[in-house]
Amino acid sequence: MASHLEIWRPSGRELFSLTEHTATIGKTVTIGKAVTNAVSIDHDATVSRLHAVLENHGSAWSLRDIGSRNGTYVNGEKVAGERVLRSGDEVRIGKSRLVFWGRSRLDRAPDDEATRSVEPLAAPPRLTPRELDVLLALCRPLVSTDAFPEAASTRQMALELVVTDAAVKQHLQNMYDKFGIPMEGDRRVRLANEALRRGAVTLAMLREQH
């Protein structure tokens, strides 16, 4: 399955093909403010000239911070050393948001090796009307005027939907199960990314609601 980075810039979303880069340039992808990087984030003053490096290991991609000024984060957790990425991981470089999409050895079952290259994009699971309301509230900040939007917090969703935090958490838990969101990291971020990727929520729906 092809791997790519989804880069969120003030002007909108941009896709960078990691698979094509590996095939034509090499297995290392540098990220930073300098225009000489494979992925240049020159609009963000909080990004270091050489901030982080992605490396292809054949069966997986890993991410390393290169002594950056403001750190590198995956699903809200600061990267110390090297971090193997899973599909749907949100990467924060300074204040900039990137999402890694691809399939690694950590994302598949042991007997899935033979079929992984032809696996189609899974359709979104069936959601109840209330689950969809929660999902829209979760993703709605992504179409805000903020240059670096964040998925909504549990409290923000509860206030918007006029329900308790506990009710929101229960709906989120149900959707974590339905979308197959892993236990580690910021599961809200993963859920928002997966919902957008699989079409359960579209930018058109969010703009209409907004």
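This is a guided tour of two sheets, one cavity and two helix pairs in a predicted model.

**Stop 1: the five-stranded sheet**

Start with the open sheet whose strands follow the order E4-E3-E5-E6-E9. Its pairing is mixed, and it holds five strands. Select residues 39-40 and 82-84 to see its edges: these are strands E4 and E9, and each of them pairs on one side only.

Next, select residues 28-32 and 52-56. These are strands E3 and E5, which pair in the antiparallel sense over four bridges. Two positions are worth labelling here. Threonine 30 has valine 53 in E5 as its bridge partner, and valine 29 stands opposite leucine 54 in E5.

Keep E3 selected and turn to E4. The two strands run parallel and are joined by two bridges. To find the contact, label glycine 32 and serine 40: the serine, in E4, is the bridge partner of the glycine. E3 thus shows both senses of pairing, being antiparallel to E5 and parallel to E4. In general, strands of a sheet pair through backbone hydrogen bonds, in either the parallel or the antiparallel sense.

**Stop 2: the six-stranded sheet**

Now move to the other open sheet, with the order E2-E1-E11-E10-E7-E8. Its six strands pair in the antiparallel sense. Which strands stand at the edges? Select residues 12-17 and 77-78: strands E2 and E8 each have a single partner strand, so one side of each is left without a neighbour in the sheet.

At the E8 end, add residues 72-74. This is strand E7, which runs antiparallel to E8 and is joined to it by two bridges. Valine 74 stands opposite glutamate 77 in E8.

**Stop 3: the cavity**

The structure holds one cavity of 30 Å³ or more. About 40 Å³ of space lies in this largest cavity. To find its centre, select Glu90, Arg97, Leu142, Ala151 and Val189, which lie nearest to it among the ten lining residues.

Then colour strand E10 (90-93) and helix H5 (187-198), each of which supplies at least two residues of the lining. Which element gives the largest share? H5 does, with three residues. Colouring the lining by class gives five nonpolar residues, four charged and one polar.

**Stop 4: H4 against H5**

From the cavity, stay on H5 and add residues 165-179, which form helix H4. The two helices pack with their axes 10 Å apart, at an angle of about 55 degrees. H4 is therefore oblique to H5. The crossing of these two helices is left-handed.

**Stop 5: H2 against H3**

Finally, select residues 129-139 and 154-161, helices H2 and H3. Their axes come within 9 Å and cross at roughly 125 degrees. That angle makes H2 oblique to H3. Is the crossing left-handed or right-handed? For H2 and H3 it is right-handed, whereas the crossing of H4 and H5 at the previous stop is left-handed.

Terms used:
Residues numbered from 1 in each chain as written. Predicted model: local features only at pLDDT ≥ 70, side-chain atom pairs only at ≥ 80, totals over all residues. Heavy atoms only, no water. Pairing = 2+ DSSP bridges. 1 Å grid on protein atoms, 1.4 Å probe; cavity = no way out; pocket = protein on both sides within 12 Å on 5 of 7 lines; lining within 4 Å. Points joined across faces, edges and corners; volume = space filled by probe spheres on them. Nonpolar A, V, L, I, M, F, W, Y, C, P; charged D, E, K, R; others polar. Axes fitted to C-alpha atoms, helices over the stretch in contact; angles between N-to-C directions. Parallel < 35°, antiparallel > 145°, perpendicular 65-115°, else oblique. Left-handed = near helix turned anticlockwise from the far one by under 90°.
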